Amino acid sequence: MESAKNALGITKYFITLPTSRKLFFYIINSALIGSFFIQIASNKSIELTEIIKIIFVFALPCLASALILKLFRRKIKLNQALFLSLISMLTTLIFTILGLLFLPILKENSNVFVFSGFALSFLFWFLSLSLVFKIKRSAIVFSLLQVIMYLITFNFGIEFINLESTSLLAKALITILFFLFVAEFLIYLISRPLKKNLKLSTSQIIEMFSAQWLYKEQDMEEAFEKKGQVASTFVAVASFKTKSKTIHLIIPYIHFGPFGNLGGSEFSYLIDNILKSPNQTIFVFHGTVTHSMDPVRSSSINQVVQTINKAIKKIEYKKAFFSFSEAKYGDSTCYLFGINDSLIASFSRFPKSTEDIDLGVGWALMERMKQKAPIAIVVDCHNCETEEVEYVQAGSIIAMEMLKAHENCLAKPTLATKIKVGAAQFYPQDIPAVGGAGIRVLCISSENNFLYFIVLIDSNSIELQARDKIVKEIKKEFRNVKFAEVYTTDTHELNVVRGVFNPAGK
């Protein structure tokens, strides 16, 4: 699990690209700032005409190469093309300044810095286009084109570069070929263990990841299937039938991962989308499972929905009698709902980070409950994100605390009462970090007028302050609130751009 934690930690450094307008502003400003450094490195006084000329030298090929790429390769977004151009421009700019700084010492040989800048710029474009954007045949053409445009503007605007005296194009091409050879050799070395274990090269893995990240393609599922294992699991369904609607509480004991639209990442949304109707409200909770129970293919949703429908058909509706108990041990809190001859337990470690619970731990909790009730269900609230990743494994301190809290809950005397039940759902379009299944609320009103609220958000956990605020607002709005808690589905639908940490309330 330590390797999983490290992998999750890396993803927080993923960034969202700025808009095209911002990138245009960054390109012009970078060229402007670079012009000052170039004049300082050249030991010249700063002149307006020189500043304009140097901005032209760097910004023109930068913008032109981005626009040409976008024009001929429509699937690439303008901000992606501008970002590629900005990075290559900054690389060329930095190496040009280095060449000027070493000019008094190396004379014409200081051109080696400029060649290296062109070569790295070419390499960045070529690898990005061929591996990330899956442009194979024309990647080398676009990469060379932007270098040639820099060579042309350099010949007119940077005095210590002279195309005729230094054969700059030939030297630049030789340097580019050298860097390309080194890059290919390094990729080959890195790929060897991956090729041996996964039968895939590094370039194939980058291509599949990028295809999912940028275009939502699902080629990576083929790699998952090669290394996946057959597993048996189950789905739990509890239902309330009111005069106006049916409310289904669905707990699939599969993990909604790994990310994007791969495997089971969108299952909380897909289950809701397939089953919802005007007279049905669907709650899809997070079961006690970790990434080891990620479906390898998104098409597995058909099996899951078929199983849910079979379970729904088996349900016999009776007059409902309800009981509730709550107990805490260490950092773990257990909430236990008794409905007729069924028990539903849910667990939270709020305000400490609540992470995935191993299926074995959930199974042990269910078996204990079955001593008191024939039907037992366990739910992970998954309601606090602090970016501390600690999975709950069998035998861990957290698992033992959960078992003890659960034991204390079961031991408490309870009084079963008649209840009223209501549910509401909302599909927001503009709330960050909330997936396609939206937000829904379940309210249970007991015979003694106590209210019990479950708020379920289709999100990858929730920030501490956001969860706290929701609970406080409910208690402020209603009297006699006996219980109010926020649950999340732990969907990985949104875990694309900034990795795994996409909690609601961010």
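1. Let's start in the smaller strand system of this predicted model. S2 and S3 run parallel where they pair, with five bridges between them. If you want a landmark to click on, take His248, whose bridge partner in S3 is Ile282. Helix H12 (residues 267–275) packs on the sheet here and touches both S2 and S3, with its direction at about 165° to that of S3. H13 packs on the sheet as well, but touches S1 and S2, and its direction makes about 45° with that of S1.

2. Now zoom out to that whole sheet. It is open, has three strands in the order S1-S2-S3, and its pairing is mixed. S1 and strand S3 (280–284) are the edges: each has a single partner strand, so one side of each has no neighbour in the sheet. Ignoring direction, neighbouring strands are turned by 15° against each other on average.

3. The other sheet is open too, with eight strands ordered S7-S6-S5-S4-S8-S9-S10-S11 and, again, mixed pairing. At its edges you'll find S7 and strand S11 (481–488), each pairing on one side only. The twist from one strand to the next averages 25°.

4. Within the eight-strand sheet, have a look at S8 and S9, which are paired antiparallel over eight bridges. Ala424 is a handy marker, as it stands opposite Val441 in S9.

5. Which strands does H14 lie across? They are S5, S6 and S7, and H14 runs at about 145° to S7. Helix H15 (residues 397–411) lies across strand S4 (321–329), S5 and S6, at about 140° to S4.

6. On to the empty space. The search over the whole structure turns up four cavities of 30 Å³ or more. The largest cavity holds about 140 Å³. It is lined by 14 residues, and those closest to its centre are Leu249, Phe285, Phe337, Ile344 and Ile454. Strand S2 (246–252), strand S5 (332–339), strand S6 (342–348) and strand S9 (439–446) are the elements giving two or more residues to that lining. How does the lining divide by class? It has 13 nonpolar residues, one polar and no charged.

7. The second largest pocket is worth a separate look, with about 1100 Å³ of space. Its lining counts 36 residues, and Ala238, Ser239, Ile315, Glu316 and Ser342 lie nearest the centre. Elements that each supply at least two lining residues include helix H13 (301–314), helix H14 (359–369), strand S7 (375–380) and strand S8 (417–426). S1 makes the largest contribution, with seven residues. Charged residues do appear in this pocket's lining: the split is 21 nonpolar, four polar and 11 charged.

8. Last, a helix pair from earlier in the chain. Helix H2 (residues 20–41) and helix H4 (residues 78–101) pack at an angle of about 5°, and their axes are 10 Å apart. H2 and H4 are therefore roughly parallel to each other. On the H2 side, the contact includes Leu23, Tyr26, Ile27, Phe37 and Ile38, while H4 brings residues including Leu82, Phe83, Met89, Leu93 and Ile97. The contact residues come out as 17 nonpolar, five polar and no charged.

Note on methods. Residues numbered from 1 in each chain as written. Predicted model: local features only at pLDDT ≥ 70, side-chain atom pairs only at ≥ 80, totals over all residues. Heavy atoms only, no water. 1 Å grid on protein atoms, 1.4 Å probe; cavity = no way out; pocket = protein on both sides within 12 Å on 5 of 7 lines; lining within 4 Å. Points joined across faces, edges and corners; volume = space filled by probe spheres on them. Helix = DSSP H or I, 4+ residues; strand = E, 2+ residues; numbered from the N terminus. Nonpolar A, V, L, I, M, F, W, Y, C, P; charged D, E, K, R; others polar. Axes fitted to C-alpha atoms, helices over the stretch in contact; angles between N-to-C directions. Parallel < 35°, antiparallel > 145°, perpendicular 65-115°, else oblique. Contact = heavy atoms within 4.5 Å. Pairing = 2+ DSSP bridges.
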